[in-house]
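Welcome, and please get your viewer ready. This tour goes from stop to stop, telling you what to select and what you will find there.

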Amino acid sequence: MGELKLMKGNEALAEAAIRYGADAYFGYPITPQSEVIEYLSEQNPYERTGMVVLQAESEVAAINMIYAAGAAGKRVMTSSSSPGISLKQEGITYIAGAEIPCVYADVVRGGPGLGTIQPSQADYFQACKGGGHGDYHQIVLAPASVQEMADFVALGFDLAFQYRIATCILSDGAIGQMMEKVVLPDQKPRMTEEEIKAKYPWATTGRKRGTPHRIITSLDLDSNRMEQHNRHLQEKYKEIAEKETRFEEIQCDDAEYVIVAYGSSARIAQKTIQLGRAEGMKIGLLRPITLWPFPTKAIEALIAKGVKGFLSLELSCGQMIEDVKLACNGRAKAEHFGRVGGIIHTPEEVLEAMKKQIIGE
Amino acid sequence: MSEITLQDIIQPENLVYEKSKLLTDKRFHYCPGCGHGTVHRIIAEVIEELGIDEETIGIAPVGCAVMAYDYFDVDFQEAAHGRAPALATGIKRVWPNKVVFTYQGDGDLAAIGTAETIHACNRGENITMIFVNNGIYGMTGGQMAPTTLEGMKTATTPYGRKPQWEDGTPNNGFPLQITKLVAQLPGTRFVTRQAVYDAAKVRNCKKAIKKAFQNQMENKNGVNFVEIVSNCNSNWKMSAVDANKWLQENMLPVYPLGDIKDNFELINK
């Protein structure tokens with residue numbers, strides 16, 4: 001079972017897509033995630049599994065290729081980094097409206113604008129709070145290791161097709177670029193035409209004579225139907241929030257203070273916990289694995305267990321902190337600490353922030 | 001002697017024409033006199049005659065034909081504005097055994113979707129593109145399109161489209177010859193310009209559209225691109241009859257009819 005390799009996060013993501021039996025990748029190069037399309041092009045997955053790889057003329061075109069191929073029942077993926085993801089927002093909101101399953105990775109870099117090619121977590125709002133227009137959500141998975149870059153491809157596709165929703169793998173430049181050991185899954189076969197037609201009757205695969213034609217659209221000019229459609233989407237989001245919220249707790253059992261951090265920040269936080277515990281402080285880590293849905297109930301449970309304060313640790317000026325504060329709802333202290341511009345916090349400065357902002361004198 | 005009623009005439013033995021089975025009973029929202037209805041009918045007839053309705057996936061644009069998916073009894077996807085060629089690429093690459101076509105207007109294909117158009121054509125995607133050019137934005141109420149003629153009045157060129165000012169500084173730009181442009185690309189197999197304003201033109205147009213689908217069915221590589229010079233009597237602010245006359249007198253000198261490229265070879269005229 002599985003194969004042990006040393007790989008970059010971006011490469012692990014690409015390899016996992018081939019092994020999952022994905023049908024296509026449509027992308028456009030942008031630092032720090034160009035390894036995804038380079039690896040796929042080098043691997044020639046069309047020879048291995050029949051998987052299509054295409055470099056599109058733009059991120060806009062790539063996400064619209066995803067829209068169409070996903071709407072035709074295929075497992076398709078794209079990836080980009082922050083400025084490119086901004087361009088993809090048009091397609092992402094259409095995907096939400098038309099309920100098309102797909103997976104895309106955002107290997108986040110610093111902004112705003114062209115910003116920097118260094119790692120960042122400043123696109124939490126974009127991924128979790130909308131990004132495009134309209135009332136919608138997408139499932140947001142936050143990998144904290146190269147292993148999770150690979151694992152979340154399969155999880156992302158499974159969730160995407162179960163709920164007919166986009167799954168965003170919200171990574172960052174550090175996780176995408178760093179090399180680690182990764183256990184890759186065995187190769188799965190791609191689905192056949194018969195399997196796709198049987199499993200996804202909504203997909204536009206060519207309608208059978210005597211059966212209604214399928215229409216994939218996000219448009220409806222009838223206000224009553226459009227309201228119903230929006231209500232239906234909200235019901236779906238509610239169900240996902242109830243069933244699919246994922247998180248990891250590290251040393252939270254006896255914790256009085258908890259760092260909330262995902263991705264690269266969660267890696268730093270683990271070292272901070274060691275440093276803090278060595279000084280006798282009872283610090284734990286809550287690592288959201290799904291950023292949307294956010295693990296609100298996990299924070300509530302920690303407060304009920306006696307946690308007095310939360311430090312939202314982010315490579316941003318303070319985005320996830322809003323969800324941490326909403327979860328605390330005044331019942332516990334919640335503060336933000338972050339570095340930006342491509343700088344990654346040191347475990348020591350995080351501990352200092354914890355002492356100063358949360359624990360106090 | 002009693003008068004002959006409509007019911008007396010509508011009898012099976014008098015049948016000379018019927019609606020394609022692949023057009024739904026949904027009532028067209030198109031303005032009376034508009035060319036879209038005729039183009040829809042031709043496409044439906046062609047798909048029916050070729051027997052490819054179980055393999056065909058259509059892509060609707062943003063524009064007047066945004067709800068084309070309601071009128072064709074085949075699977076359909078609605079694209080974001082201008083992105084239809086990217087959608088067609090996405091489908092055709094993962095379902096090479098299906099027949100994929102886009103249906104787009106001039107604003108969709110030649111303004112906001114220019115990049116998608118050029119690159120799908122340049123890659124030589126094995127798809128069919130139907131391009132209805134009436135030189136104006138219809139759905140949004142008659143604004144300038146990339147194909148609007150010089151001097152033509154629209155809601156955003158109320159004094160007439162003026163490509164440049166007198167001293168040569170740029171203004172509204174020139175009518176975009178997008179069909180000529182895509183014909184220059186090595187990825188286009190068949191490029192033609194048609195019209196539907198009279199019976200003869202409808203017949204020619206149908207032949208061209210049929211070929212554009214047949215090429216794809218036969219797995220002949222390359223884009224099949226059919227422009228249809230059409231009217232917009234509502235936004236041209238003319239009667240349907242006058243609009244068709246105006247089309248012949250003004251549109252056709254700029255957008256002359258006929259095949260432009262066949263089997264990857266440009267046709268010299």
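Start in chain B by selecting residues 188–195, strand β7, and residues 223–229, strand β8: the two strands run parallel and are joined by seven bridges. Keep in mind as you look around that this is a predicted model. For a single pair to zoom in on, pick B:Ala195, which stands opposite B:Val229 in β8(B).

Now widen the selection to the whole sheet around this pair. It is an open sheet of nine strands with mixed pairing, and its order is β9(A)-β2(B)-β1(B)-β3(B)-β4(B)-β8(B)-β7(B)-β9(B)-β10(B). Why is one side of β9 of chain A and of β10 of chain B left without a neighbour in the sheet? Select 215–216 of chain A and 265–266 of chain B: these strands stand at the edges and have a single partner strand each, so one side of each stays free of a neighbour in the sheet. Next, add helix α4 of chain A, residues 59–71, which packs on this sheet and touches β9 of chain A together with β2 of chain B. The direction of α4 makes about 155° with that of β2(B).

**Where the two chains meet**

Colour the chains separately for this stop. Contacts link 36 residues of chain B with 37 residues of chain A. Between them the chains bury about 3,000 Å², and carbon and sulfur atoms give 54% of that area. On the chain B side, highlight B:Glu54, B:Asp75 and B:Trp95, which lose the most area to chain A and together make up 22% of what that side buries.

Seven salt bridges are counted between chain B and chain A. To see one of them, select A:Glu90 and B:Arg83, whose closest N and O atoms are 2.8 Å apart. The polar contacts between the chains come to 24 residue pairs, both residues being at pLDDT 80 or more.

Which elements of chain B give two or more residues to the side that touches chain A? Show β1 (56–60), β2 (75–78), α3 (84–94) and α5 (114–123) of chain B to find them. The largest share of this side comes from α3(B), with seven residues.

**The sheet in chain A**

Hide chain B for a moment. In chain A, seven strands form an open sheet with mixed pairing, in the order β3-β2-β4-β5-β7-β6-β13. Its edge strands are β3 (52–55) and β13 (290–292), each pairing on one side only. On average, neighbouring strands of this sheet are turned by 20° against each other, direction ignored.

Two helices are worth adding here. Helix α1, residues 9–20, packs on the sheet and touches β4, β5 and β7 (166–172) of chain A, with its direction at about 170° to that of β4(A). Helix α5 of chain A, residues 82–98, lies across β4, β5 and β7 of chain A and runs at about 155° to β5(A). Beneath the labels, look at β4 (76–80) and β5 (102–108) of chain A, parallel strands joined by four bridges. Here A:Ser79 stands opposite A:Ala105 in β5(A).

**Two domains of chain A**

Colour 3–193 as domain 1 and 248–359 as domain 2, following the domain assignment of chain A. The centres of these two domains, taken over C-alpha atoms, are separated by 27 Å. In the contact between them, 28 residues of domain 1 of chain A meet 24 residues of domain 2 of chain A. About 2,100 Å² is buried between the two domains, 54% of it on carbon and sulfur atoms. Select A:Gln121, A:Tyr124 and A:Phe125, which supply 34% of the area that domain 1 buries against domain 2, more than any other three residues.

Three salt bridges are counted between these domains. For a salt bridge at close view, centre on A:Arg267 and A:Glu180, whose side chains meet at 2.3 Å, N to O.

**Last stop: three loops in chain A**

Finish with some backbone details. The peptide bond from A:Thr31 to A:Pro32 is cis, with omega near 5°, and A:Pro32 lies in the loop between β2 (24–27) and α2 (34–43) of chain A. Another cis peptide bond runs from A:Gly111 to A:Pro112, with omega near -5°; look for A:Pro112 in the loop between β5 and α6 of chain A. Finally, select A:Asn44, a residue other than glycine with a positive phi, near 50°. A:Asn44 lies in the loop between α2 and α3 (45–48) of chain A.

Terms used: Residues are numbered from 1 along each chain as its sequence is written. Chains are lettered from A and ligands numbered from 1 in the order in which they are written. This is a predicted model: local features need pLDDT of at least 70, side-chain atom pairs count only at pLDDT 80 or more; totals for chains, interfaces and linings use all residues. Side-chain values use heavy atoms; hydrogens and water are left out. Two strands pair if DSSP finds at least two bridges between them. Axes are lines fitted to C-alpha atoms, for helices over the stretch in contact, and angles run from 0 to 180 degrees between N-to-C directions. Contact means heavy atoms within 4.5 Å. Domain bounds come from an automatic or database domain assignment. Buried area is the accessible area (1.4 Å probe) that two parts lose on being put together, summed over both. A salt bridge is a side-chain nitrogen of Lys or Arg within 4 Å of a carboxyl oxygen of Asp or Glu. A polar contact is a pair of N or O atoms within 3.5 Å; within protein, one must be able to donate a hydrogen and the other to accept it, and residues adjacent in sequence count only if both atoms are side-chain atoms.
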